[in-house]
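Please open the model in a viewer and follow the selections below in order. The tour visits strands before helices.

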Amino acid sequence: MVPAKLILQEAWATEANWDLPLPDELQSRFSAWYHGLSCISQLKFERRIGYGKRDSWSLHIFCDASKNAYATVIFLRSESSGQVYVKFVAAKSRISPLKKVTIPRLELLACVLGSRLAKYVVTALSLREVPTYYWTDATVALCWIQREENWGVFVNNRVKEIRSLSKKEYWRHIPGKLNPADIASRGCTLQHLSQYGWWEGPEFLKASPEAWPKSEFSPNEELIAAEMKKKIIVDLSVKIEKPEWFERFSSFSKIVRVFCWMIRFVNKLRKNFLMEKENSVHGLQVVRGDDDVLRVKTRIIERDDDLSFLYPILLPSKHYLTECLIREYHLKYCHAGVQILAAKLRLQYWIFSSKRNIRSCVSRCVVCKRFTAKALTTPPIQLPLDRVRTSSGCLTRPIQKLYPLEVSTSGDPVLTLTTENRSRYGRLFKSSKK
């Protein structure tokens, strides 16, 4: 049936309409297969498959695959009166899927097919006590079945099914030339089956079990390892950076107090104090004071002013202590702006890129963000109808205020708007329209 299945698969692959004829090549192959069916009547074989006692019976399942199909065939071996009988029991074949599958995987599918068919035969014929042997010439598939490894999804699922239907010790290797399932997997005509005596099984089964093939094989380890489950190695090593001691505090004043206690302790242990020494840091003249603190030597040291202003303390840029100091001054001076903070800090400290650091700290202040947020604006609404209605070609406007009126009758009529302290005058115009 393999040739017919292949013809049907290729016919579906052409995606031809029902009204269109198939290609000539497919039609000729189908005609040849159809005319060969006349030989079925010439095939004859006995119904009886077992002879003698069941203690001498054994079930043999052969599996093989090719690039076009994979198949399995089952024979029953029995002994009676010193004679060995090998009879055909069942066979099954399937064609390869259109999606290309590797040969080792097809060989594994053949083993799955053989395991399923063997279970069906054993259940149908009540052969549970009969020894079962599984034969295959696929060294890679045999290693997948017998080895205890963590295979990929495809191989693992099928190996799991094979082991649930059979034991891995029952599987044996057989040379390809002796495997009767090879013919079924490649496909052949009925005439060939009759010539080869395929129904009678392989010749080596008619010999004693000691003469059965026990071939040594060396599988392709690369193909075997290719189906192993991919392992994802996760590096869980975490580099823990030890924080500085002053990062334990968020208040600059507390950091200063703790630091003073540290300096006091160090000074008690020191025997020799460092001499004052001038250095240059980024173009600034830096001196080390009596308190062992680096200070900037400014150009206004001749001025009569505080020492902290003439020699301000040098602080690094983008440092945790510097940010704490800026936040302290920002809160102390009621959320002052960048210019004010820069001026106040300059009285005692010299910070590299001071305005950039101050601007960065102020921009992260939540309170300042609330009060400097842009107010929501709404589009202006249209004027009501009473404000824009026209009357006699004139625009009517509402009266904003009403005062007592006095009308002068002498000459042109004049309105006098009288208030408590002063009067307002207006001229009346008579309209000709009624």
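Buried means under 20% relative accessible area, exposed over 50%, and partly exposed in between, with a 1.4 Å probe and protein chains only. The model is predicted: local features need pLDDT of at least 70, side-chain atom pairs count only at pLDDT 80 or more, and totals for chains, interfaces and linings use all residues. Residues are numbered from 1 along each chain as its sequence is written, and side-chain values use heavy atoms, with hydrogens and water left out.

Select strand β2, residues 69-80 (strands are DSSP runs of E, at least two residues, and helices runs of H or I, at least four, numbered from the N terminus). Of its 12 residues, 10 are buried, so β2 is largely enclosed by the rest of the structure.

Add strand β1, residues 58-65, which runs antiparallel to β2 and is joined to it by 8 bridges (strands pair if DSSP finds at least two bridges between them). Leucine 59 has leucine 76 in β2 as its bridge partner. The two strands form a hairpin with 3 residues between them.

Next, add strand β3, residues 83-95, which pairs with β2 in the antiparallel sense over 12 bridges. Here valine 73 is bridged to alanine 91 of β3. In the hairpin of β2 and β3, with 2 residues between the strands, serine 81 takes a positive phi near 55°.

Finally, select helices α3 (residues 103-125) and α5 (residues 153-165), whose axes come within 9 Å and cross at roughly 25°. Axes are lines fitted to C-alpha atoms, for helices over the stretch in contact, and angles run from 0 to 180 degrees between N-to-C directions.
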